[in-house]
Amino acid sequence: MKAVLVDERKNLVWSEVPDPAIKDDEVLVKIYAAALNRADLLQRQGKYPSPAGCPEWMGLEIAGVVERVGEAVTDWKVGDRVCALLGGGGYAEYVAVKQDMLMPIPKGLSMVEAAALPEAYATSYLNLFIEGHLEAGQTAFIPAGASGLASVAIPMAKALGARVITSVLSDEIAEKIKPLGADVIINSSTQCVEDVLAEEEKNGTPVSVSMDCLSGETLGKSLSFMARGGYWIVISTLAGIETTVPLRPLLTKGLHLVGSMLRNRTPAFKAYVLSELVKNVWPKLEDGTIKPSIYRVLPITEAEAAHAILERGENVGKVVLSVCDESN
């Protein structure tokens, strides 16, 4: 089969690799589409290697069709349309997947749409609803509103009854992300995030949960304005690795500052997150309450161009690689 490898010059090359062999508790999936994540860019740079036992090439979420099942597999059969959360290996024609890392494709969704679900939706659900304990009627702060992750997290939080604040870098970007449904969009080039969150607290709508991929100085400046018992979930540090945390409000409000990564969770915990997604979010996808946001689809042979879109930060929604025509 073929997969996208990184050569010595960090170029992406569609190359011949050995066919995957499945274990008793695994299925072989023929990949139709694979979605991109910022983690792929880090892995390409050598900063985010695949976990032990996973293929060396990139790809954390895919959609496809079950081609073969291991002897111990009971939940899936040949021909099932599935999407899957991977430790790596999605930029390829086939992948071996443990049976509990698979989910059925929600009714009415294409392979391209389904490929954009597993990693981004699992990350959003984990941090908003499991780590953050977000409830209907509460306010969530999801910065970097134009990111692929926010394009998932904002509609998900809204669909499950939350109020959402997000931030972007310009009025132009704010206009682009309006369809995501955020209640408040902060232009961080002209507004101080902490000032807006302070005003929200004053108005009786303080942030109960933040899913923060930026962090940096703004985290410490904003923490004081959270709701009592609130959760600030750090999932990345794109805006900086240091901040000053005011300990008094952390103590008096009983706040929670939590670091969270999906990739380093146990397989059993990841399987639990996926099962919760299918139970609580898949119905919202099937009835159209939540719609996957796809920015662009490119063939797998143009993975370089796809990565460039993420590097430039131009996408609002997911970038997806097409591996196989869905009509085949």
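Which residue forms a salt bridge with Asp-80? In this predicted model, the partner of Asp-80 is Lys-77, and the closest N and O atoms of the two are 3.0 Å apart. The two residues differ in their surroundings: Asp-80 is buried, with a relative accessible area of 15%, whereas Lys-77 is exposed at 54% relative accessibility.

A search of the whole structure finds 12 salt bridges, among them the Asp-80 and Lys-77 pair. Another is formed by Asp-183 and Lys-158, with the closest N and O atoms 2.9 Å apart. Asp-183 is located in the loop between α5 (171–177) and β10, and Lys-158 in helix α4 (residues 148–159), so this salt bridge ties together parts that are 25 residues apart in sequence. Asp-183 is partly exposed, at 39% relative accessibility, and Lys-158 is also partly exposed, at 29%. A further salt bridge joins the side chains of Lys-221 and Glu-217, with an N to O distance of 3.8 Å. Both residues belong to helix α7, where a spacing of 4 residues separates them by about one helical turn. Lys-221 is partly exposed at 44% relative accessibility, while Glu-217 is exposed, with a relative accessible area of 56%.

An open sheet is formed by 6 strands in the order β10-β9-β8-β11-β12-β13, with parallel pairing. The edges of this sheet are taken by β10 and β13 (256–259); each has a single partner strand, so one side of each is left without a neighbour in the sheet. On average, neighbouring strands of the sheet are turned by 15° against each other, direction ignored. Within the sheet, β11 and β12 pair in the parallel sense over 5 bridges. Met-211 has Ile-233 of β12 as its bridge partner.

Met-211 and Ile-233 are also among the residues touched by Asn-127, when residues up to four places away in sequence are not counted. The other residues in this set of contacts are Gly-132, Val-209, Ile-235 and Ser-260. Asn-127 itself is placed in helix α3 (residues 118–131). The relative accessibility of Asn-127 is 2%, so the residue counts as buried, the limit for this class being under 20% relative accessible area.

Helix α6 (residues 193–202) has Val-193, Glu-194, Val-196, Leu-197 and Glu-200 as its buried residues. These residues cover an arc of only 160° around the axis, and therefore lie on the same side of α6. They pack against the strands β8 (139–142), β9 (163–168), β10 (184–187), β11 (207–212) and β12 (226–234), as well as against helix α7 (217–222). Just after α6, Gly-204 takes a positive phi of about 90°.

The count of aromatic pairs comes to 3. In one of these, the rings of Phe-269 and Tyr-272 have their centres 6.0 Å apart and their planes at 50°, so the pair is classed as tilted. Phe-269 and Tyr-272 are both in helix α9 (residues 267–280), 3 residues apart, and are thus separated by about one helical turn. Phe-269 is partly exposed at 25% relative accessibility, and Tyr-272 is partly exposed with a relative accessible area of 39%.

How values were computed: Residues are numbered from 1 along each chain as its sequence is written. This is a predicted model: local features need pLDDT of at least 70, side-chain atom pairs count only at pLDDT 80 or more; totals for chains, interfaces and linings use all residues. Side-chain values use heavy atoms; hydrogens and water are left out. Helices (H or I, at least four residues) and strands (E, at least two) are DSSP runs, numbered from the N terminus. Buried means under 20% relative accessible area, exposed over 50%, partly exposed in between (1.4 Å probe, protein chains only). Contact means heavy atoms within 4.5 Å. The arc is that of the directions from the helix axis to the C-beta atoms. Two strands pair if DSSP finds at least two bridges between them. Axes are lines fitted to C-alpha atoms, for helices over the stretch in contact, and angles run from 0 to 180 degrees between N-to-C directions. Rings of Phe, Tyr and Trp (its six-membered ring) pair if their centres lie within 6.5 Å; planes under 30 degrees apart count as stacked, over 60 as edge-to-face and the rest as tilted. A salt bridge is a side-chain nitrogen of Lys or Arg within 4 Å of a carboxyl oxygen of Asp or Glu.
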